[in-house]
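Me: I have a model open here and would like to talk it through with you. Could you look at it with me?

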Amino acid sequence: MISISKEDFANLSKIHRLNLINSCTGYKSANLIGTISKKGTKNLAVFSSVTHLGSNPALLGFILRPTTVPRHTYQNIKETLFFSMNAITETSIKEAHQTSAKYQEDINEFEATGLEEECKENISIPFVKKSPLQLLCKYQNEYEIKENDTLLIVASIEKMYIDKLLLTNDFWIQLDKGNVVSINGLDGYSKNSLIDRLSYARPNEKSNSLK
Ligand SMILES: Cc1cc2nc3c(=O)[nH]c(=O)nc-3n(C[C@H](O)[C@H](O)[C@H](O)COP(=O)(O)O)c2cc1C
């Protein structure tokens, strides 16, 4: 094993430190957040920090980098309160990655990256058409993480759109059936394949395969 200490982190180049620290906590979820500004410009951005916060009420959270530079996703969410969350799939990783480029505020990032937009009835927030799992979310709150000036954005899940191939009888979503990817570090996109589902774990009892 190679041992790397906190003191060593400080001596690494910025890129090496970014790569190392961003990949050491494991695979992350891969989502595109779709928003619209008050002026009507549609925006899309890749986020790897989206996580489940609780199921009743249905809440998710994501980490927003410091707002010392313009963050269009954040600005738009504050203006309209709503956003879409779209799972990234194998065939769209290049376009999804491209959304991390710093486009000007008035650029429609669907058009700029080639990702097809989907409009849902009575909803102005744009969705990503080929995504098999799309959520409509509503901003609820934000918490400052003082240690590094980031924000934890907390949102409720208002509505879910799922390709029926992914949804099992017990309402579990099998993400690999939709070729949903995960993120390794800052620029690695990985395939997933289900190994097994296991029964609820109890002391002194072996979990069974549910497949
Ligand atoms: C793989 C990947 C994951 C990212 N995850 C996040 C994230 O979790 N939080 C964040 O604030 N920015 C994240 N970014 C950076 C945003 O995608 C980037 O700042 C983008 O330009 C934001 O666009 P916006 O200004 O339109 O909101 C990520 C970038 C990449 C390439």
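**Talking through the model**

Reply: Gladly; one place to begin is L18, which is found in helix α2, the helix covering residues 14-23, and please keep in mind that this is a predicted model.

Me: ok, is L18 buried or exposed?

Reply: L18 falls in between and counts as partly exposed, because its relative accessible area is 32%, while buried would mean under 20% and exposed over 50%.

Me: and which residues make the nonpolar surface patch with it?

Reply: L18 shares that patch with I15 and L186, and together they make a nonpolar surface of about 230 Å².

Me: switching to strands, what order do they take in the open sheet?

Reply: The order is β1-β11-β12, three strands with antiparallel pairing, and the edge strands, each pairing on one side only, are β1 (28-29) and β12 (188-190).

Me: how many bridges hold β11 and β12?

Reply: Strand β11, residues 182-184, pairs with β12 over three bridges in the antiparallel sense, and one of the bridge partnerships joins I183 to Y189 in β12.

Me: now the whole chain, how many helices and strands?

Reply: The chain has five helices and twelve strands, and its C-alpha trace spans about 60 × 50 × 30 Å along the principal axes.

Me: what about the radius of gyration?

Reply: The chain has 19 Å, which agrees with the value near 17 Å for a compact globule of 211 residues; buried residues make up 36% of the chain.

Me: and how much accessible surface?

Reply: The accessible surface comes to about 13600 Å², with 52% of that belonging to carbon and sulfur atoms.

Key: Residues numbered from 1 in each chain as written. Predicted model: local features only at pLDDT ≥ 70, side-chain atom pairs only at ≥ 80, totals over all residues. Heavy atoms only, no water. Patch = residues over 30% accessible without salt bridge, like charges linked within 9 Å, V, L, I, M, F, W, Y side chains within 5 Å. Areas by Shrake-Rupley, 256 points an atom, 1.4 Å probe, with all protein chains shown as cover. Salt bridge = Lys/Arg side-chain N within 4 Å of Asp/Glu carboxyl O. Helix = DSSP H or I, 4+ residues; strand = E, 2+ residues; numbered from the N terminus. Buried < 20%, exposed > 50% of the residue type's maximum accessible area, 1.4 Å probe, protein only. Pairing = 2+ DSSP bridges. Rg over C-alpha atoms; globule rule 2.2 N^0.38 Å.
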